[in-house]
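Trainee: Before I use the labels on this model, I would like to see what each one rests on.

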Amino acid sequence: MANHKKRTHRGKPRIRRRQAPGARPGTISIEPGALPTTIRVMAYDQQRVVEKEITSPGELQEFLGKWPVLWVDVVGLGTEEKLRAIAQMFQIHALAIEDIVHAHQRAKVEAYDENLYVVLRIPDPTREQLCEQFSMVLGKNYLVTFQERPGDSFDLVRSGLRHSKEGAARQGVKPDYLAYRLLDAAVDAYFPMVESVSDHLDTLDDPSTADDMHAAFRELHTVRRELLLLRRAIWPLRDMINELRSDLTPFMTDSTRMYLRDCHDHCVQLIDLLESYRDIAGDVRDYFLSTISNRMNEVMKTLTVIATIFLPITFIAGVYGMNFNSEVSILNMPELNWKYGYLFSWGLMVAVTVLLLWYFQWRGWLRGTFRDESADEGPPESG
Amino acid sequence: MANHKKRTHRGKPRIRRRQAPGARPGTISIEPGALPTTIRVMAYDQQRVVEKEITSPGELQEFLGKWPVLWVDVVGLGTEEKLRAIAQMFQIHALAIEDIVHAHQRAKVEAYDENLYVVLRIPDPTREQLCEQFSMVLGKNYLVTFQERPGDSFDLVRSGLRHSKEGAARQGVKPDYLAYRLLDAAVDAYFPMVESVSDHLDTLDDPSTADDMHAAFRELHTVRRELLLLRRAIWPLRDMINELRSDLTPFMTDSTRMYLRDCHDHCVQLIDLLESYRDIAGDVRDYFLSTISNRMNEVMKTLTVIATIFLPITFIAGVYGMNFNSEVSILNMPELNWKYGYLFSWGLMVAVTVLLLWYFQWRGWLRGTFRDESADEGPPESG
Amino acid sequence: MANHKKRTHRGKPRIRRRQAPGARPGTISIEPGALPTTIRVMAYDQQRVVEKEITSPGELQEFLGKWPVLWVDVVGLGTEEKLRAIAQMFQIHALAIEDIVHAHQRAKVEAYDENLYVVLRIPDPTREQLCEQFSMVLGKNYLVTFQERPGDSFDLVRSGLRHSKEGAARQGVKPDYLAYRLLDAAVDAYFPMVESVSDHLDTLDDPSTADDMHAAFRELHTVRRELLLLRRAIWPLRDMINELRSDLTPFMTDSTRMYLRDCHDHCVQLIDLLESYRDIAGDVRDYFLSTISNRMNEVMKTLTVIATIFLPITFIAGVYGMNFNSEVSILNMPELNWKYGYLFSWGLMVAVTVLLLWYFQWRGWLRGTFRDESADEGPPESG
Amino acid sequence: MANHKKRTHRGKPRIRRRQAPGARPGTISIEPGALPTTIRVMAYDQQRVVEKEITSPGELQEFLGKWPVLWVDVVGLGTEEKLRAIAQMFQIHALAIEDIVHAHQRAKVEAYDENLYVVLRIPDPTREQLCEQFSMVLGKNYLVTFQERPGDSFDLVRSGLRHSKEGAARQGVKPDYLAYRLLDAAVDAYFPMVESVSDHLDTLDDPSTADDMHAAFRELHTVRRELLLLRRAIWPLRDMINELRSDLTPFMTDSTRMYLRDCHDHCVQLIDLLESYRDIAGDVRDYFLSTISNRMNEVMKTLTVIATIFLPITFIAGVYGMNFNSEVSILNMPELNWKYGYLFSWGLMVAVTVLLLWYFQWRGWLRGTFRDESADEGPPESG
Amino acid sequence: MANHKKRTHRGKPRIRRRQAPGARPGTISIEPGALPTTIRVMAYDQQRVVEKEITSPGELQEFLGKWPVLWVDVVGLGTEEKLRAIAQMFQIHALAIEDIVHAHQRAKVEAYDENLYVVLRIPDPTREQLCEQFSMVLGKNYLVTFQERPGDSFDLVRSGLRHSKEGAARQGVKPDYLAYRLLDAAVDAYFPMVESVSDHLDTLDDPSTADDMHAAFRELHTVRRELLLLRRAIWPLRDMINELRSDLTPFMTDSTRMYLRDCHDHCVQLIDLLESYRDIAGDVRDYFLSTISNRMNEVMKTLTVIATIFLPITFIAGVYGMNFNSEVSILNMPELNWKYGYLFSWGLMVAVTVLLLWYFQWRGWLRGTFRDESADEGPPESG
């Protein structure tokens, strides 16, 4: 459970302050805490793959237009001049570049004359947040991607491009196929994340954690928040992919559209799982609440049984502890002077106890009360 | 109830790890625990039916194209080379074969140039899981089906093909009619399953189980999970059948489409039932919660009645157990020396008791308290 | 309330086992418990009405095609050969006849070449079940109706046909108008049923039943189930009527379609009422739960007030019941030898009591506690 | 709050028994309790306005067709022959007249060849019921309106017609504009009604009523019912107005359609408000439930604190009240003969009390317990 | 939290009384409390910007038609004659001007022949209410805006117009671009407001406030109301912008429509956030309720443990406090005269205590009871 705890602060939908209301649309305003921008380039055709880490956007000029596919991989949204230079070089629209640096967008597609702007949330590999923003600008012969933090789920795509020339060559001389591959990798990266939330949810159903209901409820609260955030990330993703599939811009080829159908299916599957877990989380909550009520019931029954037995017999003892003067009158507490008075009082007390126990038995209150509660909490299999 | 318990671990929506995010689409990666693949062939025309268990996919060549309907029945998704050979022979698309081996798909139809790919979840006859995945690849003169585990609900279809030639002949010389028959059998196989969940739900409404609320709640929790899983399997099924009906591929003939309407109706009926049971399960939960509250109420009333009677009279007994020295002053506990002091104290205690009982009677707290609780729990008919 | 109880077992959505999964579509399999089939015929034109109870389907030949409207009224679905003969005579499609004998269909319309198949659920006049299935096969000059049990809501339609020739004549020489009349009668027959559920719900809001919360909750549980079943019957009815109105088959004339709009409106009204009662039932449940909580609160307050007063003063009495030897030391319980010791102890106890009562008054716990609870339960008017 | 109470019995969705199922459609069957029918006529053109109370429908002949706008205002649905005469005179369709007298319709529009039938629910000005039914039959040069009870929200419309000829003249020479004016007045009349429910809801949030939770809950129950009824009246109203706007019958002119857009907006605003109040009512319920729980918690804490302090010290007092014979053995209750025995016992009891108080302080149970509860109930502002 | 409290009275959906039902449509009726009207004018073309505070609407004549863009900024809806003069000058439709002065409209667009009427709710900068109404009338070369109170979020727009001529010049010579800028500023102004509600919600999840559950619940109640009001303001906003984008009136140019897409996205983001916070508020409520239940459980367990230990041993002490006369018979309380009688009694009491503690340990009731509760309340990280 340790690893769940350290993720908890991630469960908060973020809004950081946008630029001031009324500001000119299309202004680039770097967010506080954004990492400095680094740029990596990967260019390939049927035969060759070239990779380069570049420091000044000007170096991109030597690639642009010279390769069938140019992938500019921008990481960190903190260096304004670099972003501005890239935006200018690839003719990225002012509104698109504004969205790229404000890292709180819903997944969406926007078609401009020069290129296609796609933004989505991908699982954050650093696990600092649940998700980070990933933007793609898809042009005729280039793909520019922007992400907030280094580290991603795209290493397999990169190594695929590097090593298996023929694989990349099949449809890979088009940047839209590369965009699909990244999208597919991003969607698939959600599966382990959903799985981990699901495992977390399963531990809550387990008897060993159940004995501290309060902590269990707190955990459940966390799980529900994470499910909520994942839903918020994945629902618009589905609509976005749908739009990509039906979109008629020249930047997306028909063969890639067919692959997007597969990607769409995975999205629907994720949503399906999330909805199921949401329902299950609701059920677990009901189960917890009923468990709390049942325990309270047990506690109260125990108290009632004990109090109801001992109050009457303590009363009897109290009566024979009274100090009425039997010398004044034979009527004053004659029992005290009976030969079997003490035995009589015990008999009375035992009789009352037996009667009450029989009553409780009849009402069924003794059944649950003297049973091992921890066994009671077990899963149905062991019960 | 025993048979319900052993099914409980089935109630978990599964996600097994897909291939790594970013992997090439269309790769076949065998799932851990998949059974070795066995292949059975059934080929028939108007006059004859041939059946054969084959060990190497190469043997399929002697059937392919020679019969109007060839049914290749693949069971077990564990032998990669066999699956690969079949995929190649029947020109199954890379994305389709990927979905076939990843046994966690939602029901869907995908039309390819060479054939129609249909995937759905069918009730698992081995009862190990609630459902298993069933894939069909429907071509012009063949139907290839894939399932995870041996044993299915299709025996009646097979025997129908074998014995009643004329029945099979009516429309059976087309593989799409065979596909419909399998689909219909799969949908119908859900009815006994839903019925069993419904019976389970009914036992929970029964008085005999009601005396252990906690266990009953646990059972209800299980039923709700099973309903959830069944919904997850059947909802997409309906959409899939709808798509099949409206689809315009050449692999589905008009006469079969009319039969699919019937199949669609059964699906809608199943969904209808599941939604009803979901609502009923919600009602049963409310009923349980109110029962718990009512019982707590009864327990508390009993405690209150007993404590409220015995605390005052024990106090009275306590007073006359004080040791004030009546020799010092006539004011000190004169009652102790009264002739009828003891009787007076009893009178006092009886009066207090009667007064309190009258008060409880007036508040209506005695009504429910001394009644047989088990009768109280009975169903409305016996109440 | 007695008449509600005996209806309770009706509140269960039924699924009886269909034929085995994989069976040939269109097979007639009689359900266990189906009543033997009886057939009544009513044939009329502008001038004449002929009625006949027939024993063999062969007798239908003398009517078929000879009258503008022939109504074949089949009651009981238990005699296979009769049903088969009728199906053949009126060219009823195999899938339609399968649905007719499996009495668990949702309301639907199916258009075949020879006739129109309509199935719906109607209130069961025998009150054994909430609803029974009613099927109509509407042809060019005949209407065949099938129902499970004798007795129905169509007597007024029949007498209308018999006696007021001119009324029947107005549009009644077409079987589609007859079908509309039966449909309308079926829909209208739901109104008293919904009204009875509504009355049942109203009694639960009544103070006189409220004093047994558990029974009231059980009743509410029953009402909710009945509402659920009625919804399940009526929602698809609306869609079915809608489809009938917009359908373009030759079996439904335009003038009848206009009357169907009225029928549709009644359906919408029924649904509206059912949804309202559902909401009200939810509110009543909340109200009950809050009442239970409030009562628990009252009980607990009473206990707390009594215990909190008597525990301290019993303690005081206990102190002066201690046997410290005052002869050993003047420090040992000097109060016992005070002249006003006993009075002092009483003063102490009275002071504690007054103090505590004042505290409870300040906290407002005495307000509700000593009030008549049954008045408290009354409806707002009397409160 | 007094005026809310007397309205409570209005909160019930009514169904009165319709005519028997199976009856001929279009039959007029007067409802029990319907008031006798009175008829008022208002006819106007650009210059003149004529008003007349008429006793026999025959008198309408002198107006019909002679004025550009004839408004026949029928109040009370109890005199069958009058209604029948009017229906005949204005060619009202049999189904429309049936709906007019069955005063339980949802708002709807029905276009017939001769006229347009509009029915809706309007606030009942007599406040006997929440709503009453209002029907309009709009023809080329007449408008016939039907309502259940005298008194309505149309006086302003009437006086506008009478006095400001020019106002009426602007578009008023068409009956459809008059129909719009009545519709608009009816919709606007819902605003004060919704406002009164909203005020009622606000008083429940108030601290002064909060001290009787049970009554408050009962009030809330009433408010929720009223909101439910208002929703039932207003939702179909919106759809009806929408249909009127888009309808293509000749009885509604384009200029009036534009005004209907305004009327539609008011309807949407009403629905918006009702939905908000519904949500708020749900929140208030949650708030109440939590308040009840919190109070129970306080009560239980008080009981626990008191009992936990006094049970142990009463036990100590009980110990030193035992009568072991110290003369038999020095081991028997030596404390009784100690010089400081009594003080020692007090010390013990004080020590136990202090220890327990410290424990309760540490657990935070004393914080809420000895605070003024009524201040606790105040609204956030005063807290 | 102080600043939240003073905002609380804002959380009420307002309906002020509209004009009387039945009044002529299009009448201007000033609302009580409306501020006196002030008018500011801003007119600009490519080169110049002119600003003027005007006192009489007549002064507008010198601007009208002489500038490509004329912005008339009307603040305060209290001076009827000024509003009437403006309405006449800009040909504002009677229904539009009625809506402008009734400050309770949902966001909507209405196209008239002469201009486009847009109304929406904007955050109230004075914070007196959550929102105020903002209306725009967009013509070919003018934009008239109306708001209730002075002070708004448009200062940045104004200064942009004044200082950066070139910025304003880009598309700013059209009034529709100005209208977009105001709309965008209004939408963006909701972000800090939503953020503040979100912060409020976060403080409720904090352990330090959790120790007064009742206050926390009250705060939550307030947050939910504010979320509700914000939803009510923002949902129709989205539809309105959508309508603006798709609208075909000549007053909105294509280039501006593209910017509106951005504005629409922000709206969707706001709605997304609001829905998330709603879900979270629901979760927090569940968490609170479970916390209350858990605490009650703890309290009850403590009471039960203490009572169950002390009741039996007090009974034992009571028994040996009885006064049976051991001189009468050797059977009467022989223990009192045993040598080790007192020790025996203590042994008995200690044994009972140990036994009960062992029982409670076995049932797990001691685990939670003697732990620090405030630590228990902490967030998962610190737990």
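The turns below set values against definitions.

Mentor: This is a predicted model, in which local features need pLDDT of at least 70, side-chain atom pairs count only at pLDDT 80 or more, and totals for chains, interfaces and linings use all residues. Residues are numbered from 1 along each chain as its sequence is written, and chains are lettered from A and ligands numbered from 1 in the order in which they are written.

Trainee: Why does A:Met333 count as buried?

Mentor: A residue is buried if 20 or more other C-beta atoms, placed from the backbone, lie within 10 Å of its own, exposed if 12 or fewer, and partly exposed in between. A:Met333 has 26 C-beta neighbours inside 10 Å, so A:Met333 counts as buried. In chain A, 47% of the 383 residues count as buried.

Trainee: What makes D:Gln91 partly exposed?

Mentor: D:Gln91 has 13 other C-beta atoms within 10 Å, and is therefore partly exposed.

Trainee: What is the phi value of each of these two residues?

Mentor: Phi is near 50° for A:Met333, a positive value in a residue other than glycine. For D:Gln91, also not a glycine, phi is positive, near 55°. A:Met333 lies in the loop between helix H9 (254-319) and helix H10 (341-363) of chain A; D:Gln91 is in the loop between helix H2 (80-89) and helix H3 (94-101) of chain D. Helices (H or I, at least four residues) are DSSP runs numbered from the N terminus.

Trainee: Why is the relation of chain D to chain E that of a five-fold axis?

Mentor: Copies are superposed by least squares on the C-alpha atoms of residues with pLDDT of at least 70 in both. A rotation of 72° with 0.0 Å of shift along its axis lays chain D on chain E, with an RMSD of 0.1 Å. That is therefore the relation of a five-fold axis. The C-alpha of chain D nearest the axis belongs to D:Gly321, 4.6 Å from it.

Trainee: How do you know that the copies use different surfaces?

Mentor: Of the contact residues of chain D, 12% recur in chain E. Two residues are in contact if their C-beta atoms, placed from the backbone, lie within 7 Å.

Trainee: How many residues does each chain bring to the contact?

Mentor: Chain D brings 64 residues and chain E brings 58 residues. On the side of chain D that touches chain E, H8(D) gives the most, with 31 residues.

How values were computed. Helix = DSSP H or I, 4+ residues; strand = E, 2+ residues; numbered from the N terminus.
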